Amino acid sequence: MSRILRCQMKKVRGHQGCRTVDLYPRQRICSVCGQSLQERYRQLRYVVTLNGMLALKKHVLECQTSQCEQFGRKWRSEAEGALVLPRYTFGLDVVARIGELRYRQQQTIEQIATALAEQGVRISLKEIQLLSEAFLALIETVIKNDPQVVEQLRAQGGIVLAADGIQPEKGNETLWLFRDVRSGRVLLARNLLSSSRDELAPLIAEIKQLGVPILGVISDKQASLCLAIEKELPDVPHQLCQFHYLRDAAQPVCEADRKLKKQLKQKVRGLREIERQVAHKQDDEAVITRGYCAALREVLRHDGKYPLEPAGITLYDKLNKVDQSLERVTKKRASAKLQRLRTILQVLSSLTKDYARLVIAWSWIHRLAQLLEENATRIEAEAGLLKYANSLPQGKDTMLNEIAIHIDKLTRAFAPKLFTFHDQPLLPKTNNDLETFIGELKKSRRKVTGRKDTCSFILREGRAVALLLSLPNKPVWVDNFATVDFADFQTSLAALRCAEQRSRAWKIRRDLHLYLTRLEQDWEPSSSPSPSPATIE
């Protein structure tokens, strides 16, 4: 039994060969009485750095002149904070190295452990995970208290603010990002349980407190965000994302197009049987048949890109081209195999009406896209877009009527702020840069973990990583971390780890019955009687 326990015990880190560093405070003379400060006691602390282990011998000094105002006051070395955080074993250089490997080079925990081992640093996988969180907490603390950010924003003339939220799953928190379009820096990243106006308005107010002029705002048309912007920035130009408008306008058309694509793929069946029949033959009919089968398979693999590249319409057009080609070759020379392929493609005739309706609807979407790109004044562009949306024909076709009404209603909601960039040229037409940044944020996490799901990452680490990845250059982290206030760091780290919430969630998953039982026990009335309502003032 004792042998098993010894195997499970943590190995003690040896201190052989470590370098001793004596740390004294910079001040050696008492500023009041002018007497030399005397050593009160020493402290020994071992720190693991990239350059080996250090034995920090800290000399604590005090004024020992009994008549002095500073009698008994202790002075400690300021250099310790440049090497290691309080109560941490690994130095700031190790923390910075782990953070760089993890979040900039997107290495896994195992790869980081290997890289550190090559530098002579022995560290567990769990410790790497904990120090990764410490790195992010330090980043948040440094950026929050960095006066250079404000100076850089003022030097460029002001902020063009882009805002968007990421909600990985319904019912979870939403990560809100507020990013300066001009510098590309994330100014504020915050997790919110609710995305109401009252929750978002204080975030915008916090950005206003930087004291830098906000020249314009771009966002999608989320109602609560628009209300918060109107409340906090009533006189600031607000541009709505044109891509979001076009995507929302095309939504019913996209759904119908996807349905057409699905029906076509479901009904174009039987290619495999024909391919088997001609697989090992080398006559003209077999070669031509294999060629047409290859064309059909390639066409069926095609996928569009909404909202302006419809997959269903494109698939119908390409299948129709193949069918017309088959019709021409079978007229020249009869073939049972090629005729069989034509029979498979007869599904096109049953979907002609759906296709024709979609062509009309997509022509409306393309015209809207053209109107957004036309060079005109703001008033002319807005009037032209509203006029076209209102003029869409409404006839006997129910589907087209619903799409026309949808486009008209959406255009009237978006149009007043779709062309604000005419008044403020610094405003972009779309919020696609921030969308791309969010995509890169998720992509980096998937690359590290190999998992498609990014929910837990966004909810826990997303805000800190967003701040890190938006930095324009690569700072010297050790120098920046040395000036961090430890209390602020602890606050950031506690918010990042959410230890209490994670522990509660683990207990619920482990034994729901036991968790509920304990809640019921905690709610049992106490032994002492509660005061009656009449006695409560």
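Which residue in β6 is the bridge partner of Ile 166? Keep that in mind while you look around; the notes below are meant for a first visit.

1. Before anything else: this is a predicted model. To settle the opening question, Ile 166 has Leu 175 as its bridge partner in β6. Another pair across these two strands is Asp 164, which stands opposite Leu 177 in β6.

2. Now zoom out to the sheet. It is an open one, made of 5 strands in the order β7-β6-β5-β8-β9, and its pairing is mixed. The edges are taken by β7 (186-192) and β9, each with a single partner strand, so one side of each has no neighbour in the sheet. From one strand to the next, the twist averages 20°.

3. What does "mixed" look like on the ground? Strands of a sheet pair through backbone hydrogen bonds, and they can do so parallel or antiparallel. Take β5: with β6 it pairs in the antiparallel sense, over 6 bridges. With β8, β5 runs parallel, and 4 bridges join the two. If you want a residue to click on for the β8 side, try Leu 161, whose bridge partner there is Val 217.

4. β5 deserves a second look for burial too. Of its 8 residues, 7 are buried, so the strand is largely enclosed by the rest of the structure.

5. Next, helix α7, residues 223-232. Its buried residues are Ser 224, Leu 225, Cys 226, Ala 228, Ile 229 and Glu 232. What covers them includes strands you have already met, β5 (159-166), β6 (174-180), β8 (214-219) and β9 (238-240), along with helix α6 (197-208).

6. Arg 179 is a residue I'd pause on. You'll find Arg 179 in strand β6. It is buried yet has no salt bridge; the nearest side chain of opposite charge belongs to Asp 433, 5.3 Å away. What the side chain of Arg 179 does reach is the backbone oxygen of Gly 184, at 3.2 Å. Leaving out residues up to four places away in sequence, Arg 179 touches a list that includes Val 160, Leu 161 and Ala 162, as well as Leu 434 and Phe 437.

7. For a contrast, go to Arg 269. This one sits in the loop between α9 (251-267) and α10 (271-278). Is Arg 269 buried or exposed? Exposed, with a relative accessible area of 55%. A polar atom of the Arg 269 side chain lies 2.9 Å from the backbone oxygen of Gln 266. If you're wondering where this is relative to Gln 167, the C-alpha atoms of the two are separated by 39 Å, and they are 102 residues apart along the chain.

8. On to charge pairs. Searching the whole structure turns up 24 salt bridges. One of them joins the side chains of Arg 45 and Glu 80, at 2.5 Å from N to O. This pair links distant parts of the chain: Arg 45 is in strand β2 (residues 38-49), while Glu 80 is in the loop between β4 (74-75) and α2 (92-104), 35 residues apart. Both ends count as buried, Arg 45 at 14% relative accessibility and Glu 80 at 16%. Lys 58 comes into the picture as well, since Arg 45, Lys 58 and Glu 80 are linked in a network of salt bridges.

9. Another salt bridge to visit is Lys 261 with Asp 303, where the side chains meet at 2.7 Å, N to O. Lys 261 lies in helix α9 and Asp 303 in the loop between α11 (284-301) and α12 (311-332), so the pair ties together parts that are 42 residues apart in sequence. Lys 261 is buried, with a relative accessible area of 16%.

10. Last stop: a salt bridge within a single helix. The side chains of Arg 412 and Asp 408 meet at 3.5 Å, N to O. Both residues lie in α17 (residues 398-414), 4 residues apart, which is about one turn of the helix. Asp 408 is buried, with a relative accessible area of 15%.

Technical notes
Residues are numbered from 1 along each chain as its sequence is written. This is a predicted model: local features need pLDDT of at least 70, side-chain atom pairs count only at pLDDT 80 or more; totals for chains, interfaces and linings use all residues. Side-chain values use heavy atoms; hydrogens and water are left out. Buried means under 20% relative accessible area, exposed over 50%, partly exposed in between (1.4 Å probe, protein chains only). Contact means heavy atoms within 4.5 Å. Two strands pair if DSSP finds at least two bridges between them. A polar contact is a pair of N or O atoms within 3.5 Å; within protein, one must be able to donate a hydrogen and the other to accept it, and residues adjacent in sequence count only if both atoms are side-chain atoms. Lys and Arg count as positive and Asp and Glu as negative; His and the chain ends are not counted. A salt bridge is a side-chain nitrogen of Lys or Arg within 4 Å of a carboxyl oxygen of Asp or Glu. Axes are lines fitted to C-alpha atoms, for helices over the stretch in contact, and angles run from 0 to 180 degrees between N-to-C directions.
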